[in-house]
Amino acid sequence: MNSKMYPLQFSPILKERIWGGEKLKTILNKSIVSKITGESWELSTVEGDVSVVANGALKGKSLMELIDETPNEILGTKVYERFGKQFPLLFKYLDAREDLSIQVHPNDTLAKERHNSFGKTEMWYVLQADTDARIIVGFKEDSGKEEYLKHLNDKTLVSILDDVKAKTGDVFFLETGTVHAIGAGLVVAEIQQTSDITYRLYDFDRKDAQGNTRELHVDLALDAINYNKVDTQKKYETKTNTSNVVVDCPYFTTNFIPLEDKVAVSKSGQTFTVYMCVEGSFEIEYDGFKQSYIKGDTVLVPAAINAFMLTGKASILEIYIS
């Protein structure tokens, strides 16, 4: 199969959410049919939501099938050695027409013990922000279980949480345990560990179309929360035609590439690379392969592809495992 390797695109897995809207279509060119589409899962191996190739000779194959057949070529030698035949990351775009619930994600230890899952360290890149849009990230000051529970029960939790005004290009890195919520009016790219474990703390007493409230996970969350004030916003350089480091953590590295012309990329075969186009358009050229990508596209470059060219005028997120 190695001779067939080429940059892979996958069919988006679209998710309706009570807080979703229509910007995934108007801003990111997704073929949504619902007015409450909140998420586009771009690359996933979460059970029940496994991505399927949408382009080229491997069209129709699932990401899990490709990994099972050629793990080193898809994942890379280092990633395969560390994770086996697991794809360790999940890539999404989110459209928050309304505030998301206030939530928290468990760390690897808790997630493994309770759910046989990875934890969920994640980052957000803001693609679009309405005026005065904000996110909730952690506590304003160091807190504790008692203070937290008092405000949760009094429905005043928001008063002790930190909220930050967000604008296009902002990046927030959320380690597990950070209480958070994406605010209304934001479209974000989300890069995270492969996990669908979320503990919902407070949902603003919302009801769905059937008049039901969503399940909360107050007890499970108590031991998962980091009650200390945290610094989540990341500053980064924007040198053109360069991979500017934005986040470098044990789970993934994310770079920002302001592409103005062309960039030659050389890889070692140790890790796959994912590109998310967050503005403009670009092409990947590789051994006779040439494909164009526009804003909202996500592409997986298998680890077996060691040298290729990026050309165009675009803002690109570049993600891999260090």
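Analyst: Before we look at loops, one convention: helices (H or I, at least four residues) and strands (E, at least two) are DSSP runs, numbered from the N terminus. This is a predicted model, in which local features need pLDDT of at least 70 and side-chain atom pairs count only at pLDDT 80 or more, while totals for chains, interfaces and linings use all residues. Residues are numbered from 1 along each chain as its sequence is written, and side-chain values use heavy atoms, with hydrogens and water left out.

User: OK, how many helices and strands does the protein have?

Analyst: Seven helices and 21 strands. The C-alpha trace spans about 60 × 40 × 40 Å along its principal axes.

User: What share of the residues count as buried?

Analyst: Buried means under 20% relative accessible area, exposed is over 50%, and partly exposed is in between (1.4 Å probe, protein chains only). Here 55% of the 322 residues are buried.

User: Let's try a helix. Which residues of H6 are buried?

Analyst: H6 covers residues 145-153, and its buried residues are Tyr148, His151 and Leu152. Looking down the helix axis, you'd find them within an arc of 105° (taken from the directions from the axis to the C-beta atoms), so they line one face of H6. Glu146, Lys150 and Asn153 are exposed on the other side.

User: And what covers the buried residues of H6?

Analyst: Think contacts, meaning heavy atoms within 4.5 Å. The cover includes strand S8 (134-139), strand S13 (199-202) and helix H7 (218-221).

User: How do I read a positive phi?

Analyst: Most residues other than glycine have a negative phi. That makes a positive value worth a look. Lys155, which follows H6, has a positive phi near 60°. Phe204, not a glycine either, has a positive phi of about 60°. Phe204 sits in the loop between S13 and H7 and, at 27% relative accessibility, counts as partly exposed.

User: Where is Asn116, and what is its phi?

Analyst: Asn116 is in the loop between helix H5 (108-115) and strand S7 (122-129). Its phi is positive too, near 50°, and Asn116 is exposed, with a relative accessible area of 58%.

User: Last one: is Gly288 buried or exposed?

Analyst: Exposed, at 84% relative accessible area. You'll find Gly288 in the loop between strand S18 (273-286) and strand S19 (289-294). It's also a good lesson in sequence versus space: Gly288 and Tyr6 are 282 residues apart in sequence, yet 9.9 Å apart from C-alpha to C-alpha.
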